[in-house]
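Work through the exercises below with the structure in view. Try each task before reading its solution.

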Amino acid sequence: MAFDIGNRFKVGDRVEMHPATDEWMRGDRFGEIVFRIRGSRQGMPGYRVKLDKSGRFIRTTAELIGHISDAAI
């Protein structure tokens, strides 16, 4: 899976966290986009992701998430 910042996500997309994140290392690897935050500090949109394993909501950027298909789970 390529994690590049050119990807665009929409609410409802299934995503995987980047392996360099704490969430991924703790086993909370997959989630769903629940909200798009327009214009974050880095000039790119941010995203609110609900993680599957813990049920937590995290705020992240497109650099740290990648698309997955529902068939991959």
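**Exercise 1: Strand pairing**

β1 and β2 run antiparallel and are joined by 3 bridges. The model is predicted.

Task: Find which residue of β2 stands opposite glutamate 16, and which residue of β3 is the bridge partner of isoleucine 33.

Solution.
1. Begin with glutamate 16: the residue opposite in β2 is phenylalanine 30.
2. Go on to β3, which covers residues 46-51 and pairs with β2 in the antiparallel sense over 6 bridges.
3. Within β3, valine 49 is the bridge partner of isoleucine 33.

**Exercise 2: Buried or exposed**

Task: Decide whether threonine 21 counts as buried or exposed, and how serine 69 and valine 34 are classed.

Solution.
1. Buried means under 20% relative accessible area, exposed means over 50%, and partly exposed lies in between.
2. Threonine 21 sits in the loop between β1 (14-17) and α1 (22-25). Its relative accessibility is 8%, so threonine 21 counts as buried.
3. Serine 69 lies in the segment after β5 (65-67). Its relative accessibility is 44%, so serine 69 is partly exposed.
4. Valine 34 belongs to strand β2, residues 30-37. At 32% relative accessibility, valine 34 is partly exposed.
5. Val34 also forms a nonpolar surface patch with Phe35 and Phe57, and together they have about 290 Å² of accessible area.

**Exercise 3: Sequence and space**

Task: State how many Å separate threonine 21 and isoleucine 65 in space, then do likewise for serine 69 and aspartate 13.

Solution.
1. Threonine 21 and isoleucine 65 are 44 residues apart in sequence; from C-alpha to C-alpha they are 9.5 Å apart.
2. Serine 69 and aspartate 13 are 56 residues apart in sequence, with 8.7 Å from C-alpha to C-alpha.

Technical notes: Residues numbered from 1 in each chain as written. Predicted model: local features only at pLDDT ≥ 70, side-chain atom pairs only at ≥ 80, totals over all residues. Heavy atoms only, no water. Helix = DSSP H or I, 4+ residues; strand = E, 2+ residues; numbered from the N terminus. Buried < 20%, exposed > 50% of the residue type's maximum accessible area, 1.4 Å probe, protein only. Patch = residues over 30% accessible without salt bridge, like charges linked within 9 Å, V, L, I, M, F, W, Y side chains within 5 Å. Areas by Shrake-Rupley, 256 points an atom, 1.4 Å probe, with all protein chains shown as cover. Salt bridge = Lys/Arg side-chain N within 4 Å of Asp/Glu carboxyl O. Pairing = 2+ DSSP bridges.
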